[in-house]
Amino acid sequence: MFYSKKLKKFKRVNHCFFSRKGGFSKGIYKSLNCGQGSKDNKITVNRNLSLVSKKMKIKPKNLLLMYQTHSNKVIEITDKNKNSKKFAADAIITKLKGYGLGVVTADCVPIFLYDYQNQVIGCIHAGWRGALSGIVENVIKKIKRLNRKHKILASIGPCIGKSSYEVDLHFYKKFISISKKNSAFFLKKNRYKKLFNLRKYVTHKLIELGVKIDNVNYDTFKEKSRFFSYRRSQKMSEYDYGRCISVISMTKFSQN
């Protein structure tokens, strides 16, 4: 379990970037696999999610998850749609209290958002596709549209590190075609390969949008005992992979 030092200062908000430890799953999913889209036993995954809800001090039915597709779609959760079983989006925001917003990752970036002036929370699933297509910009714009005056803090959680994210030149050119300035997020590995700094890329976007940030900086690929990793599972020729969960919520009763 990992926490943002900046978010910890706000008593109205609970949050946690969960590791893969402390759950009920077995084998390649050991142990806190929260990926409903994985091939793990569904009952076991639900047990893991119930455990996460308990640790977050919310009802299991109030843990709201996304159907993540590497899109740039953002959904605001309100009283009208809060009982939906699944939110097809890669970012969700809410003003509701007593609800946990969850994002599952296995190398992609989980990002928490908190507009502490207006009591709005959010979370983002930012893989390279979503980040390139504007998921970060879209969610910040949506929060800003809710209130003209705002103070937004973002915490960027564990994700694949720059030394672990090897990409080919075709991948590199996708970013350069958008802006030549994107070359700043790549290092040359050899004649045919680059190393991509996904954390730096999303950090830069948030800073440009005027958002205060902090980083919970761990490399999910390298730290096998702590995190699930899609890339590591591919390298090891495993048939599937688990997902870590990150959750943020606002308490019903302010302790301030």
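**Close-up views of a predicted model**

**Figure 1. The ring of phenylalanine 171 and its surroundings.** Phenylalanine 171 counts as buried, because its relative accessibility of 10% is under 20%. The model is predicted. Phenylalanine 186 also counts as buried, at 8% relative accessibility. A pair of aromatic rings is described by the centre distance and the angle of the planes. Across the whole structure, a search finds 22 aromatic pairs. One of them is formed by phenylalanine 171 and phenylalanine 186, edge-to-face, with 6.2 Å from centre to centre and 70° between the planes. This pair links distant parts of the chain, 15 residues apart: phenylalanine 171 belongs to helix H4 (residues 169–178) and phenylalanine 186 to strand E10 (residues 186–188). Ring pairs join both residues to a cluster that also includes Trp128, Tyr165, Tyr172, Phe175, Phe185, Phe196 and Tyr201.

**Figure 2. Lysines over tyrosine rings.** Two sites are shown. The charged end of lysine 194 sits over the ring of tyrosine 172, at 4.5 Å from the ring centre. Tyr172 is itself a member of the ring cluster that contains Phe171 and Phe186. At the second site, lysine 8 lies over the face of tyrosine 3, and the distance to the ring centre is 4.3 Å.

**Figure 3. The open sheet of six strands.** The strands follow the order E3-E4-E7-E6-E8-E12, and their pairing is mixed. Strand E3 (74–77) and strand E12 (212–215) stand at the edges; each has a single partner strand, so one side of each is left without a neighbour in the sheet. On average, neighbouring strands of this sheet are turned by 15° against each other, with direction ignored. E6 and E7 are paired in the antiparallel sense, over seven bridges. Leucine 113 stands opposite glycine 122 in E7. In a regular strand, side chains alternate between the two faces of the sheet.

**Figure 4. Glutamine 119 between two strands.** The loop between strand E6 (109–115) and strand E7 (120–126) holds glutamine 119. Phi of glutamine 119 is near 55°, a positive value in a residue other than glycine. Glutamine 119 counts as buried because its relative accessibility, 10%, is under 20%.

**Figure 5. Lysine 57 after helix H1.** Lysine 57 is placed in the loop between H1 and strand E2 (63–64). Here too phi is positive in a residue other than glycine: for lysine 57 the angle is near 60°. Lysine 57 counts as exposed, because its relative accessibility of 73% is over 50%.

**Figure 6. The cis peptide bond before serine 31.** Lysine 30 and serine 31 are joined by a cis peptide bond, with omega at about 0°. Serine 31 lies in the loop that runs between strand E1 (13–17) and helix H1 (42–56).

**Figure 7. Strand E1 and its partner E13.** E1 pairs with strand E13 (residues 244–250) in the antiparallel sense, over five bridges. One bridge partnership is between histidine 15 and isoleucine 248 in E13. E1 is mostly covered, with four of its five residues buried.

Terms used:
Residues numbered from 1 in each chain as written. Predicted model: local features only at pLDDT ≥ 70, side-chain atom pairs only at ≥ 80, totals over all residues. Heavy atoms only, no water. Buried < 20%, exposed > 50% of the residue type's maximum accessible area, 1.4 Å probe, protein only. Phe/Tyr/Trp six-rings, centres within 6.5 Å; stacked < 30°, edge-to-face > 60°. Lys NZ or Arg CZ within 6 Å of the ring centre and 35° of its normal. Pairing = 2+ DSSP bridges. Axes fitted to C-alpha atoms, helices over the stretch in contact; angles between N-to-C directions.
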